[in-house]
Structures are given as C-alpha cells and as structure tokens.
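Grab a pencil and work through these exercises with the structure open beside you. Try each task yourself before you read its solution.

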Amino acid sequence: QIIFVPAEGGAGEPRVAASPETVKRLAGLGFDVIVETGAGQGSRIPDDEFAKVGASIGKASDVSKADIVLRVRRPSDLKGYKTGAVVIATMDPYGNDAAVQAMAKAGLTAFAMEFMPRITRAQVMDVLSSQANLAGYQAVIDAAAEYDRALPMMMTAAGTVPAAKVFVMGVGVAGLQAIATARRMGAVVTATDVRPAAKEQVASLGAKFLAVEDEEFKAAETAGGYAKEMSKEYQAKQAALTAEHIAKQDIVITTALIPGRPAPKLVSAAMVASMKPGSVIVDLAVERGGNVEGAQPGKVVTTANGVKIVGHLNVPGRVAASASLLYAKNLFAFLETMVDKETKTIRINPEDELQKATMLTNGGAVVHPAFAKAAE
Ligand code: NAD
C-alpha cells in the first residue's frame, strides 16, 4: 500500500506528519512512502533525509496514488483523494460539520487523532499531549522574549534583579510544562485549575496552587480526566480570587480548555488593566476563543496600560522541528496497530477500541457518535 505525506507549508503549517525515523519504520512494515517535496522544510528535514530512508519524493498530485494519507491538519481540498483512502490527522471537527461531511462524501476513512483515548496503551499516540507539552514550553519562551526584565533573581555587585512572578492558569499537559519551564528559568510560579488532581501535580513541580476549593471543585473532573464547564457562581468566585493575585504578577500564561466547548474566560479586561506596565500575558487558548479578554488570534496586543497580550496561533508550530518528530511518532504508533502483519496492509476495524474512538468518517458516512447526528 502507498502512504502519502503532503507538504502543508502552503497552509501555513510548518509541521509534517512523518519523520525520517517513521518513514524508515513504515517502509520496514512493507509500505511504499511518497513524501511531497518540501514537506519537511518547516521542520528542518530536507527531502534528502526522507529519500535516504526509502521514501520517494513526489508532488501534491501524488495524493491520488495514496491508500493512506498522513497529515498534521484535516485536508481542505479533497481533489484527487481515492475513494476509500485512509486519512489520519488532527481533524478539528467541532464547528466544522461541512468539512467532516465532505470527507464522508469523498468516501474517506478519516481518523481524528485528537480523540485518541487517554489510556496507557495509547499514550504513545496522544497528539494532544505531545503537542501541548511543547506549546507549554514555548509559551514561557514567548513570554520571556516579550518581557523586558530577567526571569531569575540575580544578585549582582550592581544590585539585585527580583525573580519574575509567573501565574499559570489551567494545569493540564501544557500548563504543567509551562510551570516546569518557568521554574527552570528561575521564576516564582503559582498556578490554578478547577480539577483537584492538579493540586498535587502543581506542588510536585515546586509551584504554589491557588483555587476556589468548594464542593463544585471537588467534582469538577470527568471520568476522562477533563474539566467540566463550571457554573456562573463558581466562575464569579474564581474571578474574585484571581483578580487580586493577577495584579501582582509579571507573567500570566493561560491554557484552560474544555473539550468541545469554547475556552472559559478567566482574565477580564479589568484584570489586565490592574497589571503593571511591561507585564506579559500569553493566551494559549486563543484559537478556541481565548481565556483572556482582548487577546487577538495571531497578534501581540499592547494595552493602554502597557501590558502585552500574546495570542500566537499554532504554538506547537513555533517549535516545529521538535513538534513534528513527536507528532510523526504518534501517528506511526497508531498506524502500526492497524497493520495486518501477514498481508502488510492496514485493516480497518470499527470495533477496535482505538479506531472506534477516533474514526470520524467511513464508508461514505459520518460515523463518530459526536458528529453523526449533525450529519443526518
Ligand atoms: P485541556 O487541554 O483539556 O485543558 C487544560 C487545563 O485547563 C485542564 O487542566 C483543565 O482542567 C483546565 N481548565 C478548564 N477549565 C478551567 C477553568 N475554568 N479554570 C482553570 N482551569 C481550567 O487538558 P489536558 O492537558 O488535555 O489534560 C486533561 C487531563 O488529562 C489531565 O488530567 C491530564 O493529566 C490528563 N491526561 C492523561 C493522559 C493519559 O493518561 N494518557 C495523557 C494526557 C493528559
């Protein structure tokens, strides 16, 4: 079977869905791999490196030969795709019903990597974690670059530079890495979340936990380990607690998300206005509506009182070379579970736990339970 890896750079995506390591292993499993010329450019992988491990270098139209297409993002143009082709990518299906239906209509079997269950066996396939981890790291790097002061305390002959105070809001995978990174850079770190499990994790990284710990907080974690959307009352209590704290911070990094819902608004314009000039806020949730009032997707906004609000898009793409290596490995691990060792082809099995959770379209229909209804 033929696997095709397109260049997504044209769509402003510097990452790529395969690496020399995964191409080599795919070839080892018996696949013919075609990598579009320039696919690795944004991740510093020249065509040569793919060719050396057995890929042929092709062009965009080679997608028409592919039984399997590995991508970072959902394809926007389905021209040339074979009926029955398997597409594995992050599909961003919420609010994009028409695009999901188009894939069904084109007869594609589309797998949405973001729905990979968070079970031990699938940890190696968890693209949300691999990319969020790097985003959390990069958020601190971006904040430090916008901040006109040093992060660590420096005691010098000429005087003492105080350590920066960093507040991380939302401590999932991205938030935990942001805490660890800010700590390594010498900042004094506090953090908040609505899930009680976060408290211990924050402490273990040497940061201080701050949250409204009422009855609702104690029940805020779903069975899947995600946050619930909190009540208006809780949000008001949370805002009161954080308002006072934020005014004293130098850097705020927000990462709060709720699956399938808009990001919760955690930082109001009044809170931003209470911060000192030169303070920096990085809103990692900006693509999902943002945690911070005034954050703008793709922009660094400076407010009237001199606070910078950073709203970079595709933050994992800002560390593309690292992000692609991990993402490629995630996809390879998933694909490997589908391979029939004897026939050296992949077996679509809607009953398989991992395929069932991630399968968005198959056999001409939208099959994922969260989206099938909208498609009727
Ligand atoms: P996410 O990206 O969905 O959300 C980021 C964080 O924002 C979460 O910690 C969430 O609790 C928090 N949040 C939501 N609403 C908030 C609010 N109003 N105020 C403050 N914080 C708010 O989260 P994620 O990084 O995907 O992690 C979700 C969970 O999954 C965590 O418990 C994580 O440890 C767990 N996880 C498990 C595995 C595994 O077992 N394989 C892998 C990765 C993550």
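A residue counts as near a molecule or strand if its C-beta atom, placed from the backbone, lies within 6 Å of it. The model is predicted, so local features need pLDDT of at least 70 and side-chain atom pairs count only at pLDDT 80 or more, while totals for chains, interfaces and linings use all residues. Residues are numbered from 1 along each chain as its sequence is written.

**Exercise 1: the ligand shell**

Find out which residues come nearest to the ligand, and sort the shell by class.

Step 1. The ligand has 30 residues around it, and Gly170, Gly172, Val173, Ala227 and Ala256 come nearest.

Step 2. For the classes, Ala, Val, Leu, Ile, Met, Phe, Trp, Tyr, Cys and Pro count as nonpolar, Asp, Glu, Lys and Arg as charged, and the others, Gly among them, as polar. Sorted that way, the shell holds 18 nonpolar, eight polar and four charged residues.

Step 3. Now look at the helices (DSSP runs of H or I, at least four residues; strands are runs of E, at least two; both are numbered from the N terminus). Helix 4 (127–146), helix 5 (173–184) and helix 6 (197–204) each give at least two residues to the shell.

**Exercise 2: helix 4, inside and out**

Check whether helix 4 is as long as its residue count suggests, then decide how enclosed it is.

Step 1. The expected span is 1.5 Å times one less than the number of residues. For the 20 residues of helix 4 that gives 28 Å, and the end C-alpha atoms are 28 Å apart, which agrees.

Step 2. A residue is buried if 20 or more other C-beta atoms (placed from the backbone) lie within 10 Å of its own, exposed if 12 or fewer, and partly exposed in between. In helix 4, 15 of the 20 residues are buried, so the helix is largely enclosed by the rest of the structure.

**Exercise 3: one side of helix 3**

Work out which residues of helix 3 (residues 97–105) are buried, and where they sit around the axis.

Step 1. The buried ones are Val100, Met103 and Ala104.

Step 2. These residues cover an arc (taken from the directions from the helix axis to the C-beta atoms) of only 105°, which puts them on the same side of helix 3.

Step 3. Here's the background: an α-helix has 3.6 residues a turn, so residues three or four places apart point the same way.

**Exercise 4: two neighbours in a loop**

Compare Ile45 with Arg44: is each one buried or exposed?

Step 1. Place them: Ile45 is in the loop between strand 2 (32–36) and helix 2 (47–52), and Arg44 is in that loop too.

Step 2. Count neighbours. Ile45 has 23 other C-beta atoms within 10 Å, so Ile45 is buried. Arg44 has 11 within 10 Å, so Arg44 is exposed.

Step 3. List the contacts of Ile45 (C-beta atoms, placed from the backbone, within 7 Å). Leaving out residues up to four places away in sequence, Ile45 touches Val16, Ser19, Pro20, Gly40 and Phe50. Ser19 is 26 residues from Ile45 along the chain, yet their C-alpha atoms are separated by 7.7 Å.

Step 4. Check the backbone. Most residues other than glycine have a negative phi. Arg44 is not a glycine, but has a positive phi of about 60°.

Notes
Two residues are in contact if their C-beta atoms, placed from the backbone, lie within 7 Å.
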